[in-house]
Amino acid sequence: MSLEPQPLAPALAAAEAAGWTTVRLDLDGVRGKAELMRRCGGALRLPEWVGGGWDALADALRDLSWLPVAVPDTAHASGGRLVAVTSWRGYAGARPEEWETFVEVLEEAVDFWRGQDPGLSVLLAGGADGSEPGGGATAGAPPRTPRLKRRRG
């Protein structure tokens, strides 16, 4: 695991203290869709029916019934779900089209949960200088694209 304790870990701890369920999705070493799906399945505790398809992943992220929701420890907090994606630049650089599709799936899930309680947030964690936590070499990530077209398979 390439997740260093700073600065992401304190942010996740604060989110958990505020009643959020946090998930760390580490993509270190991922170079293809099959490995990406395996990592998603493990980190997000996805049901086995998700398999390796983009549409199944998208459907699963709109369900989330299997992902426990933390209970806020204060009456003023409202929980949510936070997925922190780490060490993603290597995969994004190696497989830009797959990365674009993955980001599209994540964006659609976040949009689906927007305004619902609990919601879903996704954080692409990485250093401000483009480096990954832990100092791993990074490849250039493709630029963000506007709303992506549906072309999953």
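Let's start with helix α3, which covers residues 54-63: its buried residues are W54, A56, L57, A58, A60 and L61. Keep in mind that this is a predicted model. From α3 we will move on to helix α5, and then to the charged side chains that pair up, since the structure holds 5 salt bridges.

**Helix α3 and its surroundings**

- Several elements help to cover the buried residues of α3, including the helices α2 (33-43), α4 (89-94) and α5 (96-113), along with strand β3 (119-124).
- Just after α3 comes L64, and its phi is positive, near 60 degrees.
- Two charged residues of this helix, D59 and R62, sit 3 residues apart, about one turn of the helix.
- In general, an α-helix has 3.6 residues a turn, so residues three or four places apart point the same way.
- The side chains of D59 and R62 do meet, in a salt bridge with an N to O distance of 3.1 Å.
- D59 is partly exposed because its relative accessible area of 40% falls between the 20% and 50% cut-offs.
- R62 also counts as partly exposed, at 27% relative accessibility.

**Helix α5**

- How far apart are the end C-alpha atoms of α5? They are 26 Å apart, which agrees with the 26 Å that its 18 residues should span at 1.5 Å a residue.
- Most of α5 is covered, with 14 of its 18 residues buried.
- After α5 you will find G115, whose phi is positive, near 85 degrees.

**More salt bridges**

- As background, side chains of opposite charge can pair when their charged atoms come close.
- R95 and E98 form a salt bridge, and their closest N and O atoms are 2.7 Å apart.
- Is E98 buried or exposed? E98 counts as buried because its relative accessibility is 15%, and the cut-off for buried is under 20%.
- Its partner R95 is partly exposed, at 35% relative accessibility.
- Another salt bridge joins the side chains of D111 and R114, with 2.5 Å from N to O.
- R114 is exposed because its relative accessible area is 57%, and exposed means over 50%.
- D111, on the other side of that pair, is partly exposed with a relative accessible area of 33%.
- Which residues are linked in a network of salt bridges? They are E35, R38 and R39.

Definitions and conventions:
Residues numbered from 1 in each chain as written. Predicted model: local features only at pLDDT ≥ 70, side-chain atom pairs only at ≥ 80, totals over all residues. Heavy atoms only, no water. Buried < 20%, exposed > 50% of the residue type's maximum accessible area, 1.4 Å probe, protein only. Helix = DSSP H or I, 4+ residues; strand = E, 2+ residues; numbered from the N terminus. Contact = heavy atoms within 4.5 Å. Expected span 1.5 Å × (residues − 1). Salt bridge = Lys/Arg side-chain N within 4 Å of Asp/Glu carboxyl O.
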